[in-house]
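Hi everyone, thanks for coming. I'd like to walk you through some metal sites today, so have a look at the screen.

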Amino acid sequence: MTQAEVPVGSQVYTEHHTTHKAWKWYDYFTFNIDHKVIGIQYLVTTFIFYLIGGLMAVAMRTELATPDPDFLDPNLYNAFLTNHGTIMIFMWIVPASIGGFGNYLVPLMIGARDMAFPKLNALAFWMVPPAGLLLMGSFFFGGAQAGWTSYPPLSEITANTAQSMWILSLVLAGTSSILGSVNFVVTLVKMRVPSQKWDQLPLFCWAIFATSILALVSTPVLAVGLGLLLFDINFGTAFFKPEAGGQVVMYQHLFWFYSHPAVYLMILPIFGIMSEVIPVHARKPIFGYKAIAYSSLAICLVGLFVWVHHMFTSGTPPWMRLFFTISTLIVAVPTGVKIFSWVATLWGGKIRYTSAMLFAIGLLIMFVLGGLSGVTLGTAPVDIHVHDTYYVVAHFHYVLFGGSVFGIYAGIYHWFPKMTGRMMNETLGRIHFALTLIGANLTFLPMHELGLKGMPRRVAMYDPQFAHINVICTIGAFILAFSTVPFIINAIWSWRYGKKAGGNPWNALTLEWTTDSPPIIENWEVLPVVTHGPYDYGMNGHSANGNGYGEAIPPEPSATR
Amino acid sequence: MKQIPISLLTLVAGVVITLISIWVGQNHGLLPEQASEQAPLVDNLFNTMMIIATALFLVVEGALVAFMIMFRKREGDETDGEPIEGNLPLEAFWTAIPAIIVIGLGVYSVAVFQEMGGLNPGDHAVMAHGSPSTLVAQMPEGEPIAGDVMPLMAESEGTSSDEVRPYYGFGSPDQDQIKPADLVVNVTGMQYAWLFNYPGDNITTGELHVPVGRDVQLNLSAQDVIHSFWVPQFRLKQDAIPGLKTELRFVATKPGTYPVVCTELCGAYHGGMRSQVVVHPQEEFDQWLDENRVVAEQPVDSTVATNPADMSAIEFLAPVSQAMGIPTDALTHLHVAHDS
Ligand code: HEM
Ligand SMILES: [Cu+2]
Ligand SMILES: [Cu+2]
């Protein structure tokens with residue numbers, strides 16, 4: 001029986017509930033249809049991919065410590081480069097933030113017992129491991145080498161088998177993301193507890209809503225582009241083969257029509273996480289709830305019309321260069337609104353420097369810089385100078401590493417007690433944070449200069465004049481690699497031996513904190529009733545000595561149907 | 001935060017931030033030297049954004065750090081902060097300010113783009129039916145006439161009249177009075193080298209030579225995969241795309257030798273696809289032309305796309321050595337950092 005068919009009400013619910021309350025460890029290795037299990041499956045799987053992608057990055061940085069290709073064979077370098085980018089985007093950030101946090105949190109935040117289509121949900125998850133395995137397996141065939149963008153004709157003439165595996169892997173990941181998105185949209189529209197109005201929806205849910213719509217619009221286009229590429233490689237078609245009349249630039253349009261919005265697919269859920277973490281640990285209502293919710297939608301809408309800024313130096317007519325300069329610059333406005341709102345949320349707060357909060361603030365620090373360099377890249381004249389250089393590498397790592405990885409860590413420190421029932425160790429968390437912040441800046445800040453001065457990206461060998469700056473970047477990368485050690489120790493140790501968390505260790509107001517930690521199967525004995533907004537800190541007498549948020553508020557008889 | 005706090009302190013902070021930002025915008029030293037007419041335009045835009053970015057950075061990160069310190073939880077205080085949910089004037093303010101900045105930057109960058117010649121690539125007559133007489137006739141007055149060193153370009157087979165005019169790239173900055181370039185060079189990108197062909201003179205080299213102060217037009221094409229032609233000191237870049245013609249037009253402003261970099265991933269040795277552009281004073285350039293004009297007549301486009309994955313470390317230069325049939329010493333200048 002799908003969740004949608006379960007009448008929402010305590011009587012019906014308790015009947016089939018009493019048998020078991022929590023999942024066993026082996027449930028996590030099966031085709032489980034509980035959204036919480038699936039969420040954790042996503043988080044753990046994608047984190048493993050993150051480590052693999054990170055190892056590739058470290059190998060690349062080791063290669064780049066010297067100007068000559070003396071550590072990795074140049075073909076292997078390109079294979080690492082391609083798979084690093086692909087894994088980080090398609091196997092880590094997107095599935096971790098949407099699949100992992102989205103699945104775990106959305107039903108809990110809207111008072112539902114599960115997602116609308118639990119089996120579809122499990123199916124979507126089980127597409128991710130094979131997608132990753134396809135990528136890994138491609139190394140036996142030389143590894144796809146054309147970069148995560150895989151522009152033809154290069155992608156059509158190098159390592160064809162590996163390239164086909166790369167395409168199939170992305171199509172799997174894309175299918176998974178489409179299935180997931182349908183599920184989120186239906187869940188958010190249909191499954192909220194009746195007492196929850198749209199303007200009482202936690203901002204994370206708004207973000208997932210916007211993201212899902214964006215994924216539904218853009219992902220099919222990527223599938224088309226990749227499908228045509230697959231045909232060109234394997235079945236002798238010539239969509240992108242210039243010598244047979246194909247259009248090389250057409251691929252770029254198809255690819256970026258998806259992959260620019262994909263950038264927002266990555267960052268919007270993280271923005272959602274930020275909007276949950278900051279108010280709780282600053283003990284303040286989020287500043288500008290509506291502005292944050294609507295700016296997500298605005299970013300999605302405008303974000304669909306900026307893709308050509310990746311193609312300013314390509315076969316792009318002048319009017320397009322100008323149109324897309326303007327539209328790209330416009331995206332800075334709603335993004336700025338979000339940043340200002342979070343900073344303003346801190347004003348007058350009582351900030352707790354928990355690890356979750358530290359990572360959230362770290363994200364703000366990094367993202368401001370990444371956003372500012374993004375504006376410079378949005379203008380065609382400057383972009384033409386620095387396109388495909390290390391300036392761009394610096395920019396997108398500030399946004400993606402700073403923006404996404406910091407956000408995911410913030411989310412993990414914040415919801416770990418909910419997911420496992422145990423607190424994480426704060427000292428290890430701080431060490432983890434310090435190493436990550438230092439490492440990330442040391443790695444990526446000097447890259448701005450590299451790019452502006454003339455170092456192209458995606459190179460295994462470079463002009464010796466850039467050697468010194470590259471050494472600094474490589475040291476930073478080693479620090480970053482090391483920074484995961486305290487985190488992994490912390491996660492594993494705390495999961496088993498950490499301090500017991502209780503239902504609501506942070507005294508938070510959103511619904512997921514009204515049930516046990518970890519939540520029982522089907523989430524609540526009795527469904528909660530929303531009596532206040534998700535961020536009413538310091539309001540309605542809630543603030544008394546930091547208590548008063550924790551209990552599940554029993555439903556009034558009239559509220560149950 | 002009932003109102004935007006305006007006090008002497010914020011005034012002073014504002015002045016200090018402004019001064020710092022302006023200083024940073026002028027002195028960041030991040031850009032390489034300027035060697036084309038386009039370079040100062042791009043740099044001014046970049047520096048302007050650098051000023052704005054520094055100011056925003058200082059304000060936002062400054063506020064962030066200040067709030068982190070001011071509003072940290074004190075020992076034993078378990079209460080919540082005062083519930084402030086929004087402030088319409090403030091929100092309107094911080095939506096309006098970025099919007100204005102962004103519109104300003106948009107207008108500015110369109111102007112720069114136009115001045116760089118981005119708006120009318122391929123609109124000039126020389127591509128379609130260039131003739132030596134127009135070329136010479138269009139030479140700026142008072143300049144040494146280059147007619148004697150670039151004779152009869154159009155008579156050579158390369159620039160025949162039915163050539164498609166490119167619509168992509170950078171053209172003449174001069175919109176109303178579209179004039180042909182002083183020197184046309186055909187540039188071919190291939191794994192992993194650039195070949196420069198001077199159509200009128202039948203010169204083919206592995207590095208680009210241009211006279212200073214002259215309007216140079218590069219017609220870019222690619223043989224195998226996409227390459228991208230970049231001279232950091234010129235601030236110009238344009239992809240060379242198989243099946244499409246693109247162009248880049250510039251006036252070099254400073255004699256010297258600058259790197260030519262390929263910035264589009266074109267295979268395993270993409271990083272080794274480096275060459276250089278030598279900007280000569282006019283007489284030196286004429287001399288260079290004279291020395292190189294004695295060349296064999298051999299077509300360049302005999303190479304095919306290859307799969308670098310199948311190549312050994314030495315073989316990757318194969319297409320280049322094929323092209324080396326051309327007896328010019330220029331190919332020895334090919335800068336490929338790889339020779340293991
Ligand atoms: C763990 C620390 C990381 C390090 C040291 C690192 C390092 C690198 C390096 C050296 C490159 C090659 C740059 C080039 O030549 O173009 C690269 C590319 C890339 N990285 Fe990372 N990276 C890290 C994390 C991430 C994360 C978290 C993401 C998240 C999305 C990411 C996304 C990418 C992408 C998309 C590319 C471009 C790949 C391509 O051009 O095909 N990286 N990274
Ligand atoms: Cu190239
Ligand atoms: Cu290249």
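Let's start with a question: is B:Glu264 buried or exposed? Keep in mind that this is a predicted model. B:Glu264 has 3% relative accessibility, so it counts as buried, the cut-off being under 20%.

Now, what does B:Glu264 do here? Its O atom is one of the protein donors of the copper ion (ligand 3). The others are B:Cys262 and B:Cys266, each through SG, and B:His270 through ND1. These donors lie 1.9 to 2.6 Å from the copper ion. B:His270 is buried too, because its relative accessibility is 1%.

If you like patterns, the spacing of those donor residues in sequence reads C-x1-E-x1-C-x3-H. As for geometry, the 4 donor atoms around this copper ion subtend angles of 91 to 124°, so the arrangement is tetrahedral. For four tetrahedral donors, the ideal angle is 109.5 degrees.

There's a neighbour to mention as well. The copper ion (ligand 2) is 2.6 Å from the copper ion (ligand 3), and B:Cys262 coordinates both.

Okay, over to chain A and the iron atom of ligand 1. Its protein donors are the NE2 atoms of A:His84 and A:His397, lying 2.0 Å from the iron. That pair links distant parts of the chain: A:His84 sits in helix α3 and A:His397 in helix α14, 313 residues apart. Around the iron there are 6 donor atoms with angles of 88 to 179°, which makes this arrangement octahedral.

And are those histidines buried or exposed? A:His84 comes out at 12% relative accessibility, so it's buried. A:His397, at 16%, counts as buried as well.

Terms used:
Residues numbered from 1 in each chain as written. Chains lettered and ligands numbered in written order. Predicted model: local features only at pLDDT ≥ 70, side-chain atom pairs only at ≥ 80, totals over all residues. Heavy atoms only, no water. Donors = N, O, S within 2.8 Å, 3.2 Å for Na, K, Ca; no water. Tetrahedral: all angles 85-135°; square planar, octahedral: opposite > 155°, others 65-115°. Buried < 20%, exposed > 50% of the residue type's maximum accessible area, 1.4 Å probe, protein only. Helix = DSSP H or I, 4+ residues; strand = E, 2+ residues; numbered from the N terminus.
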